[in-house]
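Here's a quick tour for anyone opening this structure for the first time. Have the viewer ready and follow along topic by topic.

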Amino acid sequence: MEEKSRSIFGNVLPDKVYRKAVKSKKKYLKKFGDDSSVNYPVIVRKNPVIGDSLGVQDIRIEDGPSPESFDHEKGIIVGNIRMGFGHYRISMAMASAAKALGYIPYWLDLNSFPETTCTKVISYQNDLYSLGSRLSRIGLFNKLVWEPVNYEGFRALSYNAADQKNAELMVPVFKNIPKDIPLIGTHVWPAQAAIHADMKYVVNAIPDNWPMALHLAEGAVHTIQTRNSYQGYKILNGMQKDRVNKPMPNDALIYTGHYIDHELVSNIDEDCRKRLERKKKNQPMRFLLTIGGAGAQKEIFEAIIKYLLPLIWSKKAALYVNVGDYKNVWEDIVKTLPEVKDLAAEYFDDFKEASAFADTAIDGEVDGIHAFYHKDIFEAVYITNLLMRSCDVLVTKPSELAFYPVPKLFIRRVGKHEMWGAIHSSEMGDGTLECRDIPHTLQMLDLFLQDDNLLSMMCDAIKANNSIGLYDGAYNVVKIAMDLKDKA
């Protein structure tokens, strides 16, 4: 196995960084065990939620006959982990684009095999990240710990060295996965692990818009959603503080545009037309709130809902609330704002009913509050994608949703790296500035409701961006992955 923790794109790291990386791997081996000699069997089966809509087949570690088989000609693996919803959402965009281009997407979630050291390591780190997100509500912790770690800590090449060592522990999962099927990693760990496991054709689809060494998987082709981020990765900007680093090779780094689902991209112009038509007819303006489980922004969402309640009663606004797979978040909202219950239609763990509503809302009339909760992770993530087409404004922190072709109101970030998602979106014209407090968030709500210019300007920008291929990133990533194999 090639050593990837001593040198990153020709930038040799100090011996102490390498020793620390080795120590990190040993710590996890001691904590979770060594399964490097285990021969994990794999099967392929249709995903029960997005198997029909996105053509997704799941790769599972299980004994017994496989319901489906790998297609070595048209197959493409989407490697991911569940860490929040963002990486799953990128994976769905890749799967959607792959299906639209005539390929078969295989879903490989490295955080879904609890018997493996791989999943134990990822789950442990995911728990730490979730804890940090929750603690970020504490101002002093956020200022002194969380934002510096997310902004500068993850930026350092030394951090990547440790990740590369830890990724070696994920190799056993790949033992019986065909090495000749291209793989797109929508988190760096699947990409790193695939390289260590000798997968032949690996693409590392980098999220966010702040260049960090955290996202590097040397040996893979790295794809980037924005041009300014491309420049930062090209020179590994600031990844060894003020040192001038050797740049990434041209064939290791490609700008693609935003990673967006085919179903959204193919309907951009029509969906924008309907938003402006609803505005012209003074129909209730539809706000889509996506609420995570960390609770870092609970107060902001409750303030938004409280502010909109009289407007919802008077049918000047309508509200979609997706709490993902965190039912307790909705229960807390109802407890704080009991009047919400009188206005809300609840779509809880009934994806068929929820998706039917999302479909009829595209052309139909909507008022009141519509709340969505799904225990299944695929349903919890994908319902937001379905609701995006019929909403007028998406209210979200500037995470992966910052890149989606829908008018956006950005609330306070969770982690300083997310700041650059809002900056990029506001420059592209399809989202607001980041509203860092409740008064500015409510001011922006008012502007969407009272001022015709803001919504129309964003819709015009989205259509213009679409005409130059800004939202074609997922198609481009799939083509890059398949071209690696075709050119081999």
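A salt bridge here means a side-chain nitrogen of Lys or Arg within 4 Å of a carboxyl oxygen of Asp or Glu. With that rule, a search of the whole structure turns up 25 salt bridges. Keep in mind that this is a predicted model. Below, we look at some of those salt bridges, then at a buried acid that has none, and finally at an open sheet of seven strands.

**A link across the sequence**

- Let's start with Asp 325 and Arg 82, which form a salt bridge whose closest N and O atoms are 2.8 Å apart.
- Asp 325 sits in the loop between strand E12 (317–322) and helix H12 (327–336), while Arg 82 sits in the loop between strand E5 (75–80) and helix H3 (86–100), so this pair ties together parts that are 243 residues apart in sequence.
- Is Asp 325 buried or exposed? Asp 325 is buried, as its relative accessible area is 18% and the cut-off for buried is under 20%.

**A charged cluster around helix H10**

- Next, find Arg 273, which meets Glu 270 in a salt bridge at 2.6 Å, N to O.
- Those two are three residues apart in helix H10 (residues 268–280), so about one helical turn separates them.
- Arg 273 also forms a salt bridge with Glu 277, with the closest N and O atoms 3.0 Å apart.
- Glu 277 lies in helix H10 too, four residues from Arg 273, which is about one turn of the helix.
- How much of these side chains' residues is open to the outside? Arg 273 is partly exposed at 38% relative accessible area, Glu 270 is partly exposed at 33%, and Glu 277 is partly exposed at 34%.
- Which residues make up the network of salt bridges here? Glu 270, Arg 273, Lys 274, Glu 277, Lys 281 and Asp 363 are linked in it.

**A buried acid without a salt bridge**

- Now move to Asp 58, which you'll find in strand E4 (residues 57–61).
- In general, side chains of opposite charge can pair when their charged atoms come close.
- Asp 58 is buried yet has no salt bridge, and the nearest side chain of opposite charge, Arg 45, is 4.8 Å away. The salt-bridge cut-off is 4 Å.
- What does the side chain of Asp 58 make a polar contact with? Its partner is the side chain of Asn 47, at 3.0 Å.
- Leaving aside neighbours within four places in sequence, Asp 58 is in contact with several residues, including Ile 43, Pro 48 and Phe 378.

**Strand E6 and its partners**

- Asp 58 stands opposite Trp 107 in strand E6, and E4 and E6 pair in the parallel sense over two bridges.
- E6 also runs parallel to E5, with six bridges joining them; here Ile 77 stands opposite Tyr 106 in E6.
- Strand E6 (residues 104–109) is mostly covered, with five of its six residues buried.

**The seven-stranded sheet**

- Finally, look for the open sheet of seven strands, paired in parallel in the order E13-E14-E12-E11-E15-E16-E17.
- Strands E13 (344–348) and E17 (431–434) stand at the edges with a single partner strand each, so one side of each has no neighbour in the sheet.
- On average, neighbouring strands of this sheet are turned by 15° against each other, direction ignored.
- At the E17 edge, strand E16 (residues 408–410) pairs with E17 in the parallel sense over two bridges, and Phe 410 has Glu 434 in E17 as its bridge partner.

Note on methods: Residues are numbered from 1 along each chain as its sequence is written. This is a predicted model: local features need pLDDT of at least 70, side-chain atom pairs count only at pLDDT 80 or more; totals for chains, interfaces and linings use all residues. Side-chain values use heavy atoms; hydrogens and water are left out. Two strands pair if DSSP finds at least two bridges between them. Axes are lines fitted to C-alpha atoms, for helices over the stretch in contact, and angles run from 0 to 180 degrees between N-to-C directions. Buried means under 20% relative accessible area, exposed over 50%, partly exposed in between (1.4 Å probe, protein chains only). Lys and Arg count as positive and Asp and Glu as negative; His and the chain ends are not counted. A polar contact is a pair of N or O atoms within 3.5 Å; within protein, one must be able to donate a hydrogen and the other to accept it, and residues adjacent in sequence count only if both atoms are side-chain atoms. Contact means heavy atoms within 4.5 Å.
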